[in-house]
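Let's take a walk through this protein together. Have the sequence and the 3D view open, and follow along piece by piece.

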Amino acid sequence: MKFHWLLPSFLSVFLLSSAAEAARLESWRFDANQNRLYFTTVGGVQPKAQLIFNPTRLVIDLPETSLGGTSLAQPVSGGFESVRVGQFDAVTTRIVVQLSPGYTLDPQQVRFRGISPSQWTVDLPVPIALATGERRPSIPPRAPNPEPQVSTAGTVVENVEITKDGFFIRTRGNRPEISLQQSRAGDLATIDISGANLSAQLNQQEKVVNQHGVDSLEIRQLPTSPPIARVTLRMTDQNTNWRAFFSNMGGIVVIPTNKPNNVSRRPPLLPPRQSVSDLAAIQSIALTANDTQVLIRTDRPVSYTSGWNQQSGAYWLRIPKAQLVAQVAQAQPSDTIGLTATQEDAETVVIWVQPTAGVRVVRVMQPTPQLLSVQLRPIDNAAPPPTTNPIPPFPPRNVPLPELPRTPNGRIVIAIDPGHGGRDPGAVGIGGLQEKEIVLDISQQVTAILQQQGIQAIMTRTDDREIDLQPRVDLAERINATLFVSIHANAIDMTRPDVNGIETYYYDNGETLARTIHSSILQGTGAADRRVRQARFYVLRKTSMPSVLVEVGFVTGADDAARLRDPAYRSQMAASIARGILLYLRQGN
């Protein structure tokens with residue numbers, strides 16, 4: 001991929017690539033030893049750069065890109081003073097490389113490289129010290145670009161309206177700080193408004209939308225400090241990307257950036273709202289057994305989901321098709337446990353368990369269909385953090401390896417690609433769990449199992465090192481691999497520990513391989529099924545052999561993180577992946 005500097009006499013540059021879509025800056029870093037800037041986005045970007053004087057700085061703009069966080073800066077040296085990243089305007093993220101006073105650089109020596117539309121490196125030349133009396137280019141000085149001032153105090157969310165283009169979150173008070181996160185699968189988009197409260201007239205609710213590829217829209221107040229108002233879009237069209245920005249019209253605009261031309265309105269996918277007589281009544285919420293368990297009694301069978309709120313440290317249980325009765329609306333706390341029960345919407349009850357220092361929630365049990373038990377222990381004797389479903393003993397299932405028939409030429413080579421590595425940890429989840437460590441362990445075991453079956457398996461990295469995407473593809477092509485299997489771990493917002501499960505991706509000719517491996521993992525691990533999906537990941541598009549990308553679970557998921565932290569479960573996962581590969585080969589593919 002080549003890029004050209006246009007209008008060099010004005011020291012400006014536009015990097016030519018495909019049309020940009022809405023994106024979010026996910027990570028960046030500056031390597032002072034190599035004068036190299038790295039940045040990665042969620043969604044493709046088309047950078048624009050220019051060299052500005054007084055003071056001298058290289059400005060890189062990422063149009064249609066949100067920062068997704070606060071402005072950051074990194075001090076550097078060697079002729080460079082600092083690197084700053086901030087949100088320049090509602091639709092542009094700006095990266096500024098500031099040179100030290102008395103230094104400049106040759107713009108013709110700046111080299112941009114797009115590893116993919118979402119992964120970029122910028123190589124900068126060694127800064128040049130201006131000689132005494134040397135004239136700088138005669139370009140009129142520019143006033144510094146103003147930094148947007150963001151205040152999160154006193155923001156109130158008044159309503160969420162459907163517009164012809166998307167949604168409008170009407171607010172009053174100070175300008176809010178906005179963070180939009182979209183799941184990798186594309187089925188959820190979450191807009192968090194920091195420092196905001198829902199107005200008294202706007203109750204927490206979920207309502208059917210069936211417009212703009214969105215099934216339903218959920219509005220919720222998170223009990224965090226500072227408070228967060230959350231709007232969640234649940235999509236039917238998983239190929240739609242979203243962006244959110246503040247408008248001077250008095251609210252937040254949320255619009256799709258690649259809206260399909262023929263998104264039709266569909267009948268509601270949610271069941272009709274239950275009548276009061278169909279809802280389970282929460283009859284009591286009580287601390288028992290010397291404050292070592294919370295018992296929740298209902299008048300009929302219920303289901304539940306549960307997880308941790310990482311920001312507040314509280315544990316939550318969400319009970320659908322339920323309602324509170326008056327006597328439990330304000331559950332009584334103790335000296336060691338805080339209890340709060342809220343009617344999240346007309347059909348959903350959420351119970352918050354807030355342990356104090358020295359006490360931990362260790363497990364949720366359902367002894368009967370009408371009784372839930374949250375078990376507590378002193379922290380010295382605490383078990384690992386709870387999961388929505390208890391983790392079975394390992395190995396819970398036998399994962400027999402199929403016998404592999406001999407191939408005509410006797411040569412099968414499998415490329416195993418552990419994602420990320422080195423300075424790139426990948427996703428970081430609950431308790432600091434790092435994707436790069438999990439996938440390297442699983443990949444090494446997959447490789448060993450295949451080699452024990454007489455198959456040549458070669459890994460793109462065998463230790464903790466950083467490798468770009470193209471060298472991974474190059475290795476697979478160089479060894480003329482029969483199959484390419486990339487192993488990753490998934491992530492979403494840390495406030496969504498309820499999202500867990502296995503996803504397997506393919507792009508072109510890997511669908512059968514993806515479905516075979518995916519089925520083997522579900523059978524061998526009992527993990528939640530988040531389906532086989534098609535995606536344009538770089539390593540899938542650029543490899544010529546059947547290729548898949550396996551997401552072995554969510555490091556941000558309460559269930560998955562606990563399992564992936566267990567070496568026995570990782571061995572079980574590795575055996576399941578290897579079994580899927582062998583089954584695919586045995587079928588004559």
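**Two sheets and a helix**

Start at F167, which sits opposite V254 in strand 23. Its next-door residue in the numbering, F168, faces V253 of that strand. These pairs belong to a partnership between strand 15 (residues 167-172) and strand 23 (residues 251-256), which are antiparallel and share four bridges. In a regular strand, side chains alternate between the two faces of the sheet.

Before going further, a word on what you're looking at: this is a predicted model. Its mean pLDDT is 76, and 76% of the residues get to 70 or more. Residues 131-153 have a pLDDT below 50, although the model gives this stretch 31 contacts beyond near neighbours in sequence. Residues 260-275 also stay under 50, with 24 contacts beyond four places in sequence. Where pLDDT is low, don't read the predicted coordinates in detail.

Now back to strand 15, and to another of its partners. Strand 14 (residues 155-162) runs antiparallel to strand 15, and six bridges join the two. One example is N159, whose bridge partner in strand 15 is R170. Strands 14 and 15 make a hairpin, with four residues between them.

Zoom out and you'll see where these strands belong. They're part of an open sheet of five strands, ordered 18-14-15-23-22, with mixed pairing. Which strands stand at the edges? They are strand 18 (196-198) and strand 22 (242-247); each has a single partner strand, so one side of each is left without a neighbour in the sheet. From one strand to the next, the twist averages 30 degrees.

Further along the chain, there's another sheet to explore. Six strands form this open sheet, in the order 34-33-35-38-36-37, and the pairing is mixed. Strand 34 (456-459) and strand 37 (529-534) are the edge strands, each pairing on one side only. Here the twist averages 20 degrees from one strand to the next. Look inside the sheet for strand 35 (residues 483-490) and strand 38 (residues 547-554): they run parallel, joined by six bridges. You can spot H488 standing opposite E551 in strand 38.

Some helices lie across these strands. Helix 3 (residues 511-525) crosses strands 35, 36 (502-506), 37 and 38, running at about 170 degrees to strand 36. Helix 6 (residues 567-586) lies across strand 33 (413-418), strand 35, strand 36 and strand 38, at about 150 degrees to strand 35.

Let's finish with helix 1 (residues 435-452). How far does this helix reach from its first C-alpha to its last? With 18 residues, helix 1 reaches 26 Å, close to the 26 Å expected at 1.5 Å a residue. Its buried residues include I438, V439, L440, I442, V446, I449 and L450. An α-helix has 3.6 residues a turn, so residues three or four places apart point the same way. And what do the buried residues of helix 1 pack against? They meet strands 33, 34, 35 and 38, along with helix 5 (558-564) and helix 6. Once helix 1 is over, look for G454, which follows the helix and has a positive phi, near 85 degrees.

Conventions. Residues numbered from 1 in each chain as written. Predicted model: local features only at pLDDT ≥ 70, side-chain atom pairs only at ≥ 80, totals over all residues. Heavy atoms only, no water. Pairing = 2+ DSSP bridges. Axes fitted to C-alpha atoms, helices over the stretch in contact; angles between N-to-C directions. pLDDT = per-residue confidence, 0-100. Contact = heavy atoms within 4.5 Å. Expected span 1.5 Å × (residues − 1). Buried < 20%, exposed > 50% of the residue type's maximum accessible area, 1.4 Å probe, protein only.
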